Amino acid sequence: MADNVIRVLQHTMPKTDFVRLCVITSLAVCCTLITALSFSRSIDFISYQLFFIPIIYAAYFYPKRGLLVAFICGVAYQAVGYYYRYPDYGALIAVTSEAILFIVIASLIAYFIEKIRFGETRYRSVFEHSQLGIALFSSADFTIRQTNSRFLAMLDYTTEEIIGMTFSSLCLTPMEKERFLEKISKTKATENFEIRLGTKSGAGCWVNLSWNTIDETTISCTAVNINDRKIAEKLNNDNMMKYSQLTENSPTGILIIQDGAIQFSNPSFSVFSGYSNNELAGKTLDEFVDSCDRNEFIEFAKHWSENKHIHGDIEIRFVTKTGRMRFGALTANSIFHLEKPATLVNIVDISEKQRLSDKIREDNVRRRGIIITVAHELRTPLQPILGYLNLLISDPQGFGIVEETKKILERCLTSVDRERQIINQMLDLSVLESGKLQLSYSTFPLESLVKSVLDTSGYLSKAEVTIDIPESVTLTADKDRIYSVIDSLLLNAVNYSKPPRKIKIFYCSETDDTQDHISVQDNGIGIEKSVFLSIFEPFQLADAAKLSRRYDRIGLSLSIAKKVVQMHSGDITVTSTVNIGSTFTIHLPREMQNAS
Amino acid sequence: MPHKIMLVEDDLPILEMMEILLRRIGYEPILVPDVLDALRQIKAEQPSLILLDIMMTPMNGWEFLEKLRGEYGMRDIPVLLFTASPSVEEKIAGLNDPKLGVLQKPVSIIELKAGIEKFLGK
């Protein structure tokens, strides 16, 4: 029976409670027996105070049940007292008041214990549920005594693992540990000490520590996880570093202009302008622009305040601190600087490019001068040769020239003519390349132009020429130049084919085509694909050897023809099959013709 | 009486050749290798036409032409610029002188004849 009761009790309460219950019960029973014995033997020195042992014990651990224990003990004490002391009223009153005292004492104990318990629970709750990590450690050797769950979660430890470790050993690196020890040895209370602790896996975790001594031996330390903030800060710093490296080392001059004044300039712009950062700050950019370009620049900068993203670019002359002129290509973009709209200006130093292009222009002018002089010098000695040859051939009998000699002289004359032609082509080409040639546009029927070329050139006697051009087709172009282009293509067709030569000139454009296409087709030797482009290039030495074998007398006429058509915004293309023939096609845009 | 043609030209081989050529096509050449002499002789000789080189010293063909037409008042004498320099045609187009033409060196006997006949007739 008793075994069953014990089993049931053990079942319904924790082990410690069961043990305490046994202790209280046995103490109370002992007190009752001892009191009964002392009353029966009239041993006065064993007093009722014995009962306070189980009562205080019970009230300490179980404040409310302590009252019950006090009540039971009071009843037991009174029962024993009444049994032995009756009818001594004085003694009975004393016993009753002593029994009441049990309850009063138990109540007082219960009250204070409750109060203490409540405070402790509150603090424990705060401790456990705090958003801060809290650790209590020894002030002597920094051994951790207690931590809350937040602190454990921060570093990924369990309570069992962390208790007994020293706080300083949590620091990630020896350097951080040293820093922590130095700080804690100096001050027993500190706030906002940022340090990196190591998690269980060895990763770093930035925390903000504040500590304070609770008593002589314990330090309470709170930790706030600032890892995310630190990582963000680091990223931000890295970004700032990257940007500043970019701007510091950029070969492009970079300026930030706000409300018209320079807010930022990078070293490249200082190198470009000769002014230091401080000298540039607060100035307006147009102060550094050469007076020739200032109006253009101000016009360009006017649009900066409009909130367009990109404002295009412009080439501007700047005057440096030393008074030198420098060319800069300038690009402007709208940005935000310090949360206000601003303009980011990039300036690329193109002084060298400008110098080179000026030099190229000068060189071109000089080259043209040389070509003109050379042409003059080459033509002059040809005059006596041509004159004398004309003279001899015009009167063979008078000069006693036989038929065979006359033929030789005529061949000489042909060569002089060719040389004359080459010099003329060279001059033509130099005019075309200088870009100074003005086309004089007119509208003319294509078919009659082609016919007039054929009539004056004498190709009809050398080849069978067919024309397939609708009578209604007209071109709007420089008639004389197109005449010479068609002449060159026909000459080319005759030169690079053998009798029986068949040349076809045809027009092939649809009504809605944007271009007119005029083709000259021959049945000549054809052109290898590899030299399709080279045949249009004047004096291409690299290809000269390749070209010279088959196409030894190309001259400059094709280059000139192509340039002329390109000046009309058109082009000449070629298709060819070796030993079958070639087709050269002139493409002239119609729109261009209409526009003019 | 054949037409007198004054040839102002400082290149002697050309001068010698042109003398024969001009005679051959039926004109009487007056050869002047020094451009200053040409100005001195022009009133006395009264040529029917002047063949004028351009690149000469100490006075070039353009300066000679200016003096001839201006200072000397000889606006009616046809002048054929006889030159190896390119782009002379563009320049004379701007002068608006009906008695001015160009013969581009080297010139053939046919071109020479045609050029002179344009001003003097056959």
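Two strands pair if DSSP finds at least two bridges between them. In this predicted model, β16(A) and β17(A) are joined by 7 bridges and run antiparallel. The two strands form a hairpin with 3 residues between them. In the turn, Asn579(A) has a positive phi of about 70°. Asp571(A) of β16(A) stands opposite His587(A) in β17(A). In a regular strand the side chains alternate between the two faces of the sheet. β16(A) has a covered face made up of Ile572(A), Val574(A) and Ser576(A). Its uncovered face holds Asp571(A), Thr573(A), Thr575(A) and Thr577(A).

Both hairpin strands also contribute to the largest nonpolar core, which has 31 residues. Val485(A), Ile486(A), Leu489(A), Leu490(A), Val520(A), Ala561(A) and Val565(A) touch the most other members of that core. Three helices, α15 (446-457), α16 (479-495) and α18 (557-567) of chain A, are among the elements that give two or more residues to it. Strands β13 (474-478), β14 (501-507) and β15 (515-521) of chain A do so as well. α16(A) gives the most, with 6 residues. Val520(A) is in contact with Leu489(A), Leu490(A), Ala493(A), Ile503(A), Ile505(A) and Phe584(A), leaving aside neighbours within four places in sequence. A second, separate core has 27 residues, including Leu7(B), Ile14(B), Leu21(B) and Ile116(B).

Chain A as a whole has 19 helices and 17 strands. Of its 596 residues, 23% are buried. Among contacts in chain A between residues at least 6 apart in sequence, 54% join residues at least 24 apart. Leu285(A) touches residues well separated from it along the chain: its C-alpha atom and that of Leu255(A), 30 residues away, are separated by 9.2 Å. Leu285(A) lies in the loop between α11 (277-280) and α12 (291-302) of chain A. This loop residue counts as buried because it has 25 C-beta neighbours inside 10 Å, where 20 or more are required. Beyond four places in sequence, Leu285(A) touches Leu255(A), Ile257(A), Ile262(A) and Val345(A).Two helices of chain A were examined for length. Helix α5 (residues 89-129) of chain A has 41 residues. From first C-alpha to last it reaches 59 Å, close to the 60 Å expected at 1.5 Å a residue. Its buried residues are Val95(A), Ala99(A), Phe102(A), Ala106(A), Ile109(A) and Ala110(A). An α-helix has 3.6 residues a turn, so residues three or four places apart point the same way. The buried residues of α5(A) pack against α3 (52-61) and α4 (63-85) of chain A.

Helix α13 (residues 351-394) of chain A has 44 residues and should span 64 Å at 1.5 Å a residue. Its end C-alpha atoms are 63 Å apart, which agrees. A kink of about 30° lies at Leu382(A), shortly before the proline Pro384(A). The buried residues of α13(A) are Ala375(A), Arg379(A), Gln383(A), Leu386(A), Gly387(A), Leu389(A) and Asn390(A). These residues pack against α14 (403-434) of chain A, together with α1 and α5 (109-120) of chain B.

The contact between the chains takes 17 residues from chain B and 17 residues from chain A. On the side of chain B, helix α1 (residues 12-24) supplies the largest share, 7 residues. By class, this side of chain B has 12 nonpolar, 2 polar and 3 charged residues.

Key: Residues are numbered from 1 along each chain as its sequence is written. Chains are lettered from A and ligands numbered from 1 in the order in which they are written. This is a predicted model: local features need pLDDT of at least 70, side-chain atom pairs count only at pLDDT 80 or more; totals for chains, interfaces and linings use all residues. Two residues are in contact if their C-beta atoms, placed from the backbone, lie within 7 Å. Helices (H or I, at least four residues) and strands (E, at least two) are DSSP runs, numbered from the N terminus. Ala, Val, Leu, Ile, Met, Phe, Trp, Tyr, Cys and Pro count as nonpolar, Asp, Glu, Lys and Arg as charged, and the others, Gly among them, as polar. The expected span of a helix is 1.5 Å times one less than its number of residues. The bend at a residue is the angle between axes fitted to the seven residues ending there and the seven starting there. A residue is buried if 20 or more other C-beta atoms lie within 10 Å of its own, exposed if 12 or fewer, and partly exposed in between; C-beta atoms are placed from the backbone. A nonpolar core is a set of buried Ala, Val, Leu, Ile, Met, Phe, Trp, Tyr and Cys residues joined through C-beta atoms within 7 Å.
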